Amino acid sequence: MTALLDNIEKNVRDITADNLILPSSNMIFNAFKHSTYEDISAVIIGQDPYHQTVDMNGHTVNQAMGLAFSVPEGVKSLLH
């Protein structure tokens with residue numbers, strides 16, 4: 001499993017810096033930071049519904065954070 005994830009992550013990282021990829025590289029596979037592999041029964045890989053950057057108090061913030069239907073605290077989501 002980890003070899004497959006490493007390959008996907010490498011392909012994403014190989015995309016040139018000219019392209020905006022969300023979530024940011026430190027949040028790719030963010031869900032795995034909140035659980036252990038032993039606790040995971042299924043992984044659904046898909047498109048994050050939050051794919052924009054927003055301005056918060058003069059700072060650009062990515063909506064996407066690698067978790068389904070989740071945005072950073074203080075960022076407006078589709079559900080609000």
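The paragraphs below lead through a predicted model of one protein chain, from its overall layout to a handful of individual residues.

The protein chain is built with one helix and two strands, and, when it is read along the sequence, these elements follow the pattern α-β-β. The helix, H1, covers residues 2-14, while strand S1 takes in residues 53-56 and strand S2 runs over 59-62. Because the model is a prediction, its confidence deserves attention before any detail is read: the mean pLDDT of the protein chain is 76, with 85% of the residues reaching 70 or more, and pLDDT is the predictor's confidence in each residue, on a scale from 0 to 100. Confidence is highest in helix H1, at a mean of 78, and lowest in strand S1, at 74. As a general caution, where pLDDT is low, the predicted coordinates should not be read in detail.

Some totals describe the chain as a whole. Of its 80 residues, 19% count as buried, and the accessible surface of the protein chain comes to about 6200 Å², with 54% of that area belonging to carbon and sulfur atoms. Among the contacts in the chain with a separation of 6 or more, 39% are accounted for by residues 24 or more positions apart.

Helix H1 is a convenient place to begin with the details, since lysine 10 is found there. Which residue does lysine 10 pair with in a salt bridge? The partner is aspartate 14, and the closest N and O atoms of the two are 2.6 Å apart; a search of the whole structure finds one salt bridge. In general, side chains of opposite charge can pair when their charged atoms come close. Both lysine 10 and aspartate 14 lie in helix H1, four residues apart, which is about one turn of the helix, and their side chains are also joined by a polar contact of 2.6 Å. Are these two residues buried, partly exposed or exposed? Lysine 10 has a relative accessibility of 47% and therefore counts as partly exposed, and aspartate 14, with a relative accessible area of 48%, is likewise partly exposed.

Beyond the helix, the loop between H1 and S1 holds leucine 22 and asparagine 30. Leucine 22 has a relative accessible area of 18%, so it is classed as buried, given that buried means under 20%. Leucine 22 and methionine 65 are 43 residues apart in sequence, yet their C-alpha atoms are 7.7 Å apart in space. Methionine 65 appears again in the surroundings of asparagine 30, whose side chain reaches the backbone oxygen of methionine 65 at 2.8 Å. When residues up to four places away in sequence are not counted, asparagine 30 touches Met65, Gly66 and Leu67. Asparagine 30 is itself buried, because its relative accessible area is 8%.

Aromatic side chains add another feature, and the count comes to one aromatic pair. This pair is formed by phenylalanine 32 and tyrosine 37, with 5.6 Å from centre to centre and 35 degrees between the planes, an arrangement classed as tilted. The two partners fall into separate accessibility classes: phenylalanine 32 is buried, since its relative accessible area is 16%, whereas tyrosine 37, with a relative accessible area of 44%, is partly exposed.

The path then turns to the strands and to the segment that follows them. Threonine 60 is located in strand S2, and, leaving aside its neighbours within four places in sequence, threonine 60 is in contact with Thr53 and Val54; strand S1 is made up of residues 53-56. Because its relative accessible area is 63%, threonine 60 is classed as exposed, the class that begins over 50%. Glycine 74, for its part, lies in the segment after strand S2, and it too is exposed, with a relative accessible area of 62%. Where does glycine 74 stand with respect to methionine 56? The two are 18 residues apart in sequence, while their C-alpha atoms are 8.3 Å apart in space.

Methods:
Residues numbered from 1 in each chain as written. Heavy atoms only, no water. Salt bridge = Lys/Arg side-chain N within 4 Å of Asp/Glu carboxyl O. Buried < 20%, exposed > 50% of the residue type's maximum accessible area, 1.4 Å probe, protein only. Polar contact = N/O pair within 3.5 Å; in protein donor to acceptor, adjacent residues only side chain to side chain. Contact = heavy atoms within 4.5 Å. Phe/Tyr/Trp six-rings, centres within 6.5 Å; stacked < 30°, edge-to-face > 60°. Areas by Shrake-Rupley, 256 points an atom, 1.4 Å probe, with all protein chains shown as cover.
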